[in-house]
Amino acid sequence: MLKLFRETGLQFLWISAIAFILDQWSKYTVIDSMSLYQSIQVLPFFNFTYVHNYGAAFSFLENAGGWQRWFFTAIAVVVSVVILWWLKQSPRSQKMLPVAFAFILGGALGNVYDRLVHGYVIDFLDFYVNNYHWPAFNIADSAIFIGAALLIIDMFKNGDKKSEGNGADARASAADNSETIK
């Protein structure tokens, strides 16, 4: 079992655990120290603003009547299972891709926990310019963003190498097959 964690992408699950713990710690700190909708200015462009998000990103489907809680929870659980499977399948040599998925997994689980326990996601990071506010978000959302950014970087950095490698493998396999046929 330990071998599985050392030799696959599961070795990066500690990133998921840290993202989840930081997310939950920060949310419970906000719950304990602020009242709903309270806003505390930290910098001229950043506040801690405690809000509940019943929807998804940017409060998508927030006022949908309650079914969205279970819908978004189900999607996140399915994605989490797929990520765990993928991490188990990824070889030890891969680094950036499993790290990216570990960040996404930790963030997804942080928001799933909120939906299951509270019925909504707790958001509190509020960035703005003048009167324009970016929708409030949390540490879990930040972890998901970091993971997505790493996926994009990996795609640009390693996308051609993977294609070339797959092509070379296919050519080598075809050559072996043609030798066998002769």
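A residue is taken as buried when its relative accessible area is under 20%. By this criterion, 35% of the 182 residues of the protein chain are buried in the predicted model. The exposed surface of the protein chain amounts to about 11,100 Å², of which carbon and sulfur atoms supply 68%. Among contacts in the protein chain with a separation of 6 or more, 65% are made by residues 24 or more positions apart.

The protein chain comprises five helices and four strands. Read from the N terminus, these elements follow the order α-α-β-β-α-α-β-β-α. The four strands form an open sheet in the order 1-2-3-4, with antiparallel pairing. Strand 1 (39–43) and strand 4 (132–133) occupy the edges and have a single partner strand each, so one side of each lacks a neighbour in the sheet.

At one edge, strand 1 is paired with strand 2 in the antiparallel sense through four bridges, and Q41 has N47 in strand 2 as its bridge partner. The connection from strand 1 to strand 2 is a hairpin of two residues. At the other edge, two bridges hold the antiparallel pairing of strand 3 (residues 121–129) with strand 4; here V129 is bridged to Y132 in strand 4. Helix 2 (residues 13–33) lies across strand 2 (46–53) and strand 3, and its direction makes an angle of about 85 degrees with strand 3.

Eight aromatic pairs are present in the structure. The ring centres of F45 and F127 are 6.3 Å apart and the planes meet at 25 degrees, so this pair is classed as stacked. The pair connects distant parts of the chain, since F45 belongs to the loop between strand 1 and strand 2 whereas F127 belongs to strand 3, 82 residues apart. F45 is partly exposed, with a relative accessible area of 42%, and F127 is likewise partly exposed, at 33%.

For F48 and F124, the ring centres are 6.2 Å apart and the planes stand at 45 degrees, so the pair is tilted. This pair also links distant parts of the chain, with F48 in strand 2 and F124 in strand 3, 76 residues apart. F48 has a relative accessible area of 30% and is therefore partly exposed. F124, at 4%, falls under the 20% limit and is therefore buried. Both pairs belong to one aromatic cluster, which is formed by F45, F46, F48, F124, F127 and F137.

Conventions
Residues numbered from 1 in each chain as written. Predicted model: local features only at pLDDT ≥ 70, side-chain atom pairs only at ≥ 80, totals over all residues. Heavy atoms only, no water. Pairing = 2+ DSSP bridges. Contact = heavy atoms within 4.5 Å. Axes fitted to C-alpha atoms, helices over the stretch in contact; angles between N-to-C directions. Buried < 20%, exposed > 50% of the residue type's maximum accessible area, 1.4 Å probe, protein only. Areas by Shrake-Rupley, 256 points an atom, 1.4 Å probe, with all protein chains shown as cover. Phe/Tyr/Trp six-rings, centres within 6.5 Å; stacked < 30°, edge-to-face > 60°.
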